[in-house]
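Trainee: I'd like a close look at a single part of this model, and then a walk outward from there. Could you take me through it slowly?

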Amino acid sequence: MNPVDVPWAARTRGLGGSIIDSSTTLLQRQTHDIVSFAMGSPAAEVVPSEAFSEIYSSLLATNGAEVFGYGATEGETALRDELLAYLETTPERTSAERLIITSGGMQGLDLAGKLFVDPGDLVIVEAPTYTNGSATLLAYGADIVEAPIDDDGMMVGALPELVQKAGRLPKAIYVIPNFQNPTGTAMSLERRRLLLALAREWQSIIIDDDPYGMLRFDHMHIPGFRELGGGDPLVFSVRTFSKILAPGLRVGWVDADPTIVAKLIDAKQTMDTCTNVPNQLLSAEFLRRGELEPHLGRLRSEYHRRMRAMQASLEKHFAGQATWTNPQGGFFLWLTFGDHVDTSKLFDAAVRNGVAFIPGRAFSVTGGFGNALRLCFASQTPERSELGISRLADTLSTLSV
Ligand SMILES: Cc1ncc(COP(=O)(O)O)c(C=O)c1O
């Protein structure tokens with residue numbers, strides 16, 4: 001069949017895929033040594049694989065083949081109970097009827113698109129924003145408007161003018177409040193309050209995507225939308241174990257109004273029936289053993305160390321040539337060069353030279369940020385990070401991009 005003859009559904013026009021995810025395939029094909037700052041992956045060294053292996057063995061020994069059965073769409077009771085108990089000890093305490101277990105944060109975002117976005121609906125996103133988040137919204141036909149960000153997160157004060165220009169109210173506002181992907185910045189409390197007030201005035205859903213909030217380096221907590229909203233149905237909170245346990249588990253959750261959760265269950269039943277059962281039981285047992293909090297403590301100090309090491313390497317190799325953000329948590333740091341640098345062109349040469357990152361353009365639906373790039377500091381040791389940053393500097397100096 002000629003490709004043009006494929007009887008595509010109209011919605012495939014919005015399917016752009018993800019440059020971030022495609023980079024995994026591209027990098028796996030390379031045979032030479034590459035220091036990858038590309039994917040937002042937890043450090044391999046801190047994934048609790050020994051505990052996982054022990055828990056899997058005991059799950060199998062105790063439950064046998066039952067572990068591999070279909071599960072309830074809303075999630076395994078063991079995980080729901082343990083998660084509720086854990087959240088009770090955090091500012092995100094919630095209740096059973098507000099909770100649905102999802103196949104990672106991505107499924108939470110996809111469900112948000114499915115429930116709230118009709119083709120042509122206006123959706124506001126941060127610029128730059130998480131590629132897969134905007135790609136998901138585009139796949140549902142969203143008409144995306146980008147709102148600028150600075151060191152205090154989305155510039156919420158700019159929204160009324162953007163909305164006025166668009167000539168209609170936003171159906172949803174997609175925001176990553178803590179240690180944003182890709183810049184690493186966090187939204188100030190004042191802006192969170194203002195955004196919530198605007199969402200209430202406009203009756204817009206806040207898609208509150210927060211995979212990194214538990215990975216704050218200091219202990220200063222900024223109340224999130226879940227907390228500030230006090231159960232407001234307009235706040236749709238997407239969470240995941242990917243960054244705090246392991247991304248391959250594909251286990252996350254959504255906290256939303258009970259009426260919305262009922263619809264989410266219907267929607268998830270047409271997607272994947274239930275989230276991976278063995279991995280839900282694994283996560284539940286990890287929580288039951290009280291391992292999550294000490295694990296988070298180790299992650300926070302290790303990632304802080306890695307972030308500082310990356311900043312020291314940047315200072316050594318890029319002082320005067322670029323600026324970078326100063327994240328107080330999470331995984332990412334954002335590097336901005338002068339306008340003459342094109343990081344998309346830099347990418348191929350950098351990979352050949354043994355270092356990978358995600359070019360800035362990947363994070364904008366309008367093709368902005370061509371002179372910036374995202375670095376994940378979490379996945380590399382300080383020694384590997386220094387090697388990668390020095391390779392990046394060498395690549396830049398031998399190339400006029
Ligand atoms: C902001 C943000 N949201 C959602 C996700 C997706 O999480 P998951 O891997 O659990 O699907 C990521 C992963 O990088 C992310 O950075």
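Trainee: Which are the buried residues of α5?

Mentor: Keep in mind as we go that this is a predicted model. The buried residues of α5 are Thr131, Asn132, Gly133, Ser134, Ala135, Thr136, Leu137 and Ala139. The helix runs over residues 131-139, and since eight of its nine residues are buried, it is largely enclosed by the rest of the structure. The cut-off behind that word is a relative accessible area under 20%.

Now look at what flanks the helix. Leading into α5 is a loop that starts from β3 (122-127), and Pro128 lies in that loop. The peptide bond joining Ala127 to Pro128 is cis, with omega about 5°. On the other side, just after α5, you'll find Gly141 with a positive phi of about 90°.

A cis bond turns up again in the loop between β6 and α7, where Pro182 lies. Here the bond runs from Asn181 to Pro182, and omega is near 20°. Stay in this loop for a bit. Phe179 is found there too, and its phi is near 50°, a positive value in a residue other than glycine. Phe179 counts as buried because its relative accessible area is 1%. Then there's Thr183, in the loop that links β6 (172-175) with α7 (189-202). Thr183 is buried as well, given a relative accessible area of 4%. Its side chain has two polar contacts worth pulling up on screen: with the side chain of Gln180 at 2.7 Å, and with the side chain of Thr185 at 2.8 Å.

Next, swing over to the ligand. The space it takes is the largest pocket. Its shell is made up of 13 residues, and the closest are Asp209, Tyr212, Thr240, Ser242 and Lys243. By type, the shell splits into five nonpolar, five polar and three charged residues. Helix α4 (residues 104-116) supplies the largest share of the shell, with three residues.

For individual atoms, check the backbone: a polar backbone atom of Gly105 is 2.7 Å from an oxygen atom of the ligand, and for a polar backbone atom of Met106 the distance to a ligand oxygen is 2.8 Å. A side chain joins in too, as a polar atom of the Arg250 side chain sits 2.8 Å from an oxygen atom of the ligand. On its own the ligand would expose 400 Å², and the protein buries 94% of that.

Arg250 deserves a second glance for its backbone. It lies in the loop between β8 (235-240) and β9 (252-255), and its phi is near 55°, a positive value in a residue other than glycine. You saw that kind of phi at Phe179, but the cover is another matter: Phe179 is buried at 1%, whereas Arg250 counts as partly exposed because its relative accessibility is 33%.

One last stop is Ala85, in helix α3 (residues 77-88). It comes out as partly exposed, since its relative accessibility is 43%. Try drawing a line from Ala85 to Arg288: they are 203 residues apart in sequence, yet their C-alpha atoms are 9.1 Å apart in space.

So, back to the part you asked about: α5 is largely enclosed, with eight of its nine residues buried, a cis bond between Ala127 and Pro128 in the stretch leading up to it, and the positive phi of Gly141 just after it.

Note on methods. Residues numbered from 1 in each chain as written. Predicted model: local features only at pLDDT ≥ 70, side-chain atom pairs only at ≥ 80, totals over all residues. Heavy atoms only, no water. Near = heavy atom within 4 Å. Polar contact = N/O pair within 3.5 Å; in protein donor to acceptor, adjacent residues only side chain to side chain. Areas by Shrake-Rupley, 256 points an atom, 1.4 Å probe, with all protein chains shown as cover. 1 Å grid on protein atoms, 1.4 Å probe; cavity = no way out; pocket = protein on both sides within 12 Å on 5 of 7 lines; lining within 4 Å. Sits in = over half its atoms within 2 Å of the grid points. Helix = DSSP H or I, 4+ residues; strand = E, 2+ residues; numbered from the N terminus. Nonpolar A, V, L, I, M, F, W, Y, C, P; charged D, E, K, R; others polar. Buried < 20%, exposed > 50% of the residue type's maximum accessible area, 1.4 Å probe, protein only.
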